[in-house]
Amino acid sequence: MGEAPAPAHVDIEELLRGYDVDDLTVATVCSHTSLQIFHGARKEGYKTLGICLGPQPRFYEAFPRAAPDAFLSIERYTDLLRLEQQLRAQNVVVIPTGSIVEYLGADNFLRLRVPTFGNRKVLQWESDRARQREWLDRAGIPMPRLLPDPAQIDRPVFVKLHGAKGGRGAFIAKNSAEYYKVNPQVPHTIQEYVVGTRYYLHFFYSPLSDVGYRCSRGTLQLLGLDRRDESNVDEMYKLGAQEVLRDLGIYPSFVVTGNIPVVLRESLLPKVFAMGEAVVETALDLFGGMIGPFCLETIVTDKLEFRVFEISSRIVAGTNLYTTGSPYADYLADDLSTGRRIAQELRAAASKGKLASVLS
Ligand code: ATP
């Protein structure tokens with residue numbers, strides 16, 4: 001089991017001292033959801049800064065409306081730690097994405113002395129599978145059942161290696177014999193294999209807004225939904241059954257290569273909001289709240305029941321589908337992406353003198 005990262009020691013009030021809150025610069029790493037974040041920030045009138053390794057990436061030339069105003073070119077991501085002062089001098093707010101946390105490392109991200117959007121404390125609960133399960137369990141979220149003893153496998157299971165990203169090394173076993181055939185010698189988790197349709201729910205929690213689904217404090221919004229295209233598992237069926245492929249040395253991998261838009265059967269929406277609300281309320285109790293975008297990664301069974309196999313507590317790449325709105329965001333406002341929603345939250349917080357309540 002990986003250790004949860006050490007608690008953040010960044011005092012946000014102190015970091016914001018000297019900030020011109022009407023002249024923020026929205027910054028993120030040039031990857032993941034950067035086009036959407038820059039595009040949305042620009043629509044809300046913010047300056048933008050793209051953090052890149054080496055020369056500025058050329059693909060932004062192809063997308064001028066989503067290119068940052070300026071680039072900060074660094075040699076390695078940890079350079080950010082020595083550039084903190086320079087970033088603060090530009091009133092920078094960093095928008096965390098999966099890429100930043102991954103490239104910088106959770107510990108460095110937690111101690112970065114630059115204001116970041118959202119509550120960094122969430123990482124202590126999210127980045128360790130056991131703690132994440134505790135959080136979701138406390139919220140009453142239905143999850144795939146764990147089967148700790150391989151000898152007791154009585155149904156198809158999904159075996160996940162600890163720390164593996166994109167499901168690397170994960171495999172499906174239909175019984176104990178199949179499990180022992182692979183017999184992974186590294187730490188792993190055995191979960192029931194949930195048969196159903198995968199839906200990734202894009203939420204936004206605002207502690208300040210009163211527009212949306214009301215929580216004990218603030219509101220919850222649903223900005224969209226996607227399904228991920230995963231390589232090679234989503235296409236390997238064309239070569240035959242998985243057990244045949246295994247004998248050929250071909251194993252399923254779950255590397256996300258793209259995203260597909262989805263709308264949900266409308267009668268499932270009450271369950272969607274009940275789950276979103278429960279994780280938001282539990283987050284408020286456990287670590288002071290999960291602010292901004294988050295995603296519940298779910299599988300819906302043919303009994304119309306959700307199983308949540310993961311939570312991502314920041315903007316997810318599936319939101320890139322909806323740069324000018326979605327079938328759900330359209331009922332909240334026009335032209336609303338998650339990137340733009342983040343910028344709006346900054347604007348609203350700044351105008352109320354409450355920036356510290358959406359940053360950490
Ligand atoms: P990442 O960290 O990149 O999100 P990961 O290594 O944590 O990936 P998961 O996201 O937990 O892995 O799972 C990867 C994929 O495996 C999912 O997108 C889904 O397709 C499938 N999956 C995960 N858990 C289950 C389950 N219990 N039953 C069926 N399929 C599952």
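This briefing covers the overall form, two helices, some backbone features and one buried arginine of a protein model. The model is predicted. The protein has 13 helices and 13 strands. Its radius of gyration is 21 Å, close to the 21 Å that the globule rule gives for 360 residues, so the protein is as compact as a globular protein of that length.

**Overall form and surface**

- The C-alpha trace spans about 65 × 45 × 40 Å along the principal axes of the protein.
- Of the 360 residues in the protein, 53% are buried.
- When contacts between residues at least 6 apart in sequence are taken, 66% of them join residues at least 24 apart.
- The protein exposes about 16600 Å², and carbon and sulfur atoms supply 51% of that area.
- The protein carries 41 positive and 43 negative charges, and the mean positions of the two sets are 0 Å apart.

**Helix H13**

- Helix H13 covers residues 338-351, and at 1.5 Å a residue its 14 residues should span 20 Å; the end C-alpha atoms are 20 Å apart, which agrees.
- Ten of the 14 residues of H13 are buried, so this helix is largely enclosed by the rest of the structure.
- The buried residues of H13 include the charged side chains Arg340, Arg341 and Glu345.
- Also buried in H13 are Thr338, Gly339, Ile342, Ala343, Leu346, Ala349 and Ala350.
- The packing partners of these buried residues are E1, H2, strand E4 (92-94), strand E8 (197-206), E10 and E12.

**Helix H12 and the residue after it**

- Helix H12 runs over residues 269-287, and its 19 residues should span 27 Å at 1.5 Å a residue; the distance between its end C-alpha atoms is 27 Å, which agrees.
- Gly288, just after H12, takes a positive phi of about 90°.

**Backbone exceptions**

- Most residues other than glycine have a negative phi, and most peptide bonds are trans.
- The peptide bond from Ser231 to Asn232 is cis, with omega near 0°.
- Asn232 belongs to strand E10, which covers residues 219-232, and E10 is also among the elements that the buried residues of H13 pack against.
- His32 has a positive phi, near 70°, although it is a residue other than glycine.
- The loop that holds His32 lies between strand E1 (25-29) and helix H2 (34-43).
- With a relative accessible area of 29%, His32 is partly exposed.
- Leu304, likewise a residue other than glycine, has a positive phi near 60°.
- Leu304 sits in the loop between strand E12 (292-300) and strand E13 (306-312).
- The relative accessible area of Leu304 is 28%, and Leu304 is therefore partly exposed.

**Arg120**

- Arg120 is located in the loop between helix H6 (106-111) and helix H7 (122-126).
- The relative accessibility of Arg120 is 3%, so Arg120 counts as buried, the cut-off being under 20%.
- Arg120 and Val10 are separated by 110 residues in sequence, while their C-alpha atoms are 9.4 Å apart in space.
- Val10 is also in contact with Arg120.
- Beyond its neighbours within four places in sequence, the contacts of Arg120 include Leu15, Phe109, Leu110, Arg111 and Leu112.
- Val114, Pro115 and Ser360 are further contacts of Arg120.

Notes
Residues are numbered from 1 along each chain as its sequence is written. This is a predicted model: local features need pLDDT of at least 70, side-chain atom pairs count only at pLDDT 80 or more; totals for chains, interfaces and linings use all residues. Side-chain values use heavy atoms; hydrogens and water are left out. Helices (H or I, at least four residues) and strands (E, at least two) are DSSP runs, numbered from the N terminus. The radius of gyration is taken over C-alpha atoms; the globule rule is 2.2 Å times the number of residues to the power 0.38. Buried means under 20% relative accessible area, exposed over 50%, partly exposed in between (1.4 Å probe, protein chains only). Contact means heavy atoms within 4.5 Å. Accessible areas come from the Shrake-Rupley method with a 1.4 Å probe; for residues, only the protein chains shown count as cover. The place of a charge is taken as NZ of Lys, CZ of Arg, CG of Asp or CD of Glu. The expected span of a helix is 1.5 Å times one less than its number of residues.
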